[in-house]
Amino acid sequence: MLTFEQKLEIIESFPELTRKDVSMKRVNFHYEESLYDKKIAIYHLHPTGNGFVYVGNLPHYEADKKGFVNVRDFSEKELRSVIADSIDYLSLEPEPPYDKTWMNRDSEKLDLVYEEPFWNVYTGKNLEESFGTFDNAEDYLIDQGFKEKK
């Protein structure tokens, strides 16, 4: 396990992060360029080695309900990687709103709606299917004989 000082050194090697000392010797690091209201990338790094990095809903991390992953036992490589992912996540433009109707030859309609983080297919107000990517949702609709209504 990395020491508090080692973690600080790694985190401070990211010039885009701003250190903010908080209570009980804990340290936060903000990403001021965040495209979201969320600015805290590293939360409550403590001299015991405990601390959290914001990863939102990135699928390859087991984050808590607030989007943070505990980095207490992370290696240097893992810590660098999760911090870079956090910065990337906070730098990405959110998906634009998407709510379009698709129709088949029989004039049946389905609505494809992006509701972060899922692409949902509705029949009226009833959820029919849910997908992790637009491409998967689009493939499903095409396979079912639907085309985007222009």
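**Exercise 1. Decide whether Lys-25 is buried or exposed in this predicted model, and do the same for Met-24.**

Solution. Begin with Lys-25, whose relative accessible area is 67%. A residue counts as exposed when this value is over 50%, and therefore Lys-25 is exposed. Next take Met-24, which has a relative accessibility of 59% and so counts as exposed as well. To place the two residues in the chain, note that Lys-25 lies in the loop between β1 and β2, and that Met-24 lies in the loop between β1 and β2 too. Finally, look at the backbone: phi of Lys-25 is near 65°, a positive value in a residue other than glycine, while phi of Met-24, also a residue other than glycine, is positive and near 55°.

**Exercise 2. Find which residues of α1 are buried, and work out where they lie around the helix axis.**

Solution. The first step is to list the buried residues of α1, which are Phe-4, Lys-7, Leu-8, Ile-10 and Ile-11. Because they cover an arc of only 165° around the axis, they are on the same side of α1. It helps to recall that an α-helix has 3.6 residues a turn, so residues three or four places apart point the same way. The second step is to turn to the other side of α1, where Glu-5 and Glu-9 are exposed. The last step is to ask what covers the buried residues of α1, and the elements that do so include β1, β2, β3 and α2.

**Exercise 3. Describe how α1 and α2 pack against each other, giving the angle, the distance between their axes and the residues that meet.**

Solution. Two packed helices are described by the angle between their axes and the distance between the axes. For α1 and α2 the angle is about 40°, and the axes are 10 Å apart. This angle makes α1 oblique to α2, and the crossing of the two helices is right-handed. At the residue level, Lys-7, Ile-10 and Ile-11 in α1 meet Glu-76, Leu-79, Arg-80 and Ile-83 in α2.

**Exercise 4. Compare the length of α2 with its expected span, then list its buried residues and what covers them.**

Solution. Helix α2 runs over residues 76-91 and has 16 residues. From its first C-alpha to its last it reaches 23 Å, which is close to the 22 Å expected at 1.5 Å a residue. Its buried residues are Leu-79, Val-82, Ile-83, Asp-85, Ser-86, Ile-87, Tyr-89 and Leu-90. The elements that cover them include α1 (4-12) and the strands β1 (17-21), β2 (27-31), β3 (40-45), β4 (52-54) and β5 (68-70).

Now follow one of these residues, Asp-85, which is buried. Leaving aside residues up to four places away in sequence, Asp-85 touches Leu-58, His-60 and Tyr-61. Asp-85 and Tyr-54 are 31 residues apart in sequence, yet their C-alpha atoms are 8.9 Å apart in space.

**Exercise 5. Which residues of α3 are buried, and why can they be said to line one face of the helix?**

Solution. In helix α3 (residues 134-143) the buried residues are Ala-137, Tyr-140 and Leu-141. Seen down the axis of α3, they fall within an arc of 95°, so they line one face of the helix. Their cover includes β6 (99-103), β7 (109-115), β8 (118-123) and β9 (126-131). To finish, look beyond the helix: α3 is followed by Gly-145, whose phi is positive, near 90°.

Note on methods. Residues numbered from 1 in each chain as written. Predicted model: local features only at pLDDT ≥ 70, side-chain atom pairs only at ≥ 80, totals over all residues. Heavy atoms only, no water. Helix = DSSP H or I, 4+ residues; strand = E, 2+ residues; numbered from the N terminus. Expected span 1.5 Å × (residues − 1). Buried < 20%, exposed > 50% of the residue type's maximum accessible area, 1.4 Å probe, protein only. Contact = heavy atoms within 4.5 Å. Arc of directions from axis to C-beta. Axes fitted to C-alpha atoms, helices over the stretch in contact; angles between N-to-C directions. Parallel < 35°, antiparallel > 145°, perpendicular 65-115°, else oblique. Left-handed = near helix turned anticlockwise from the far one by under 90°.
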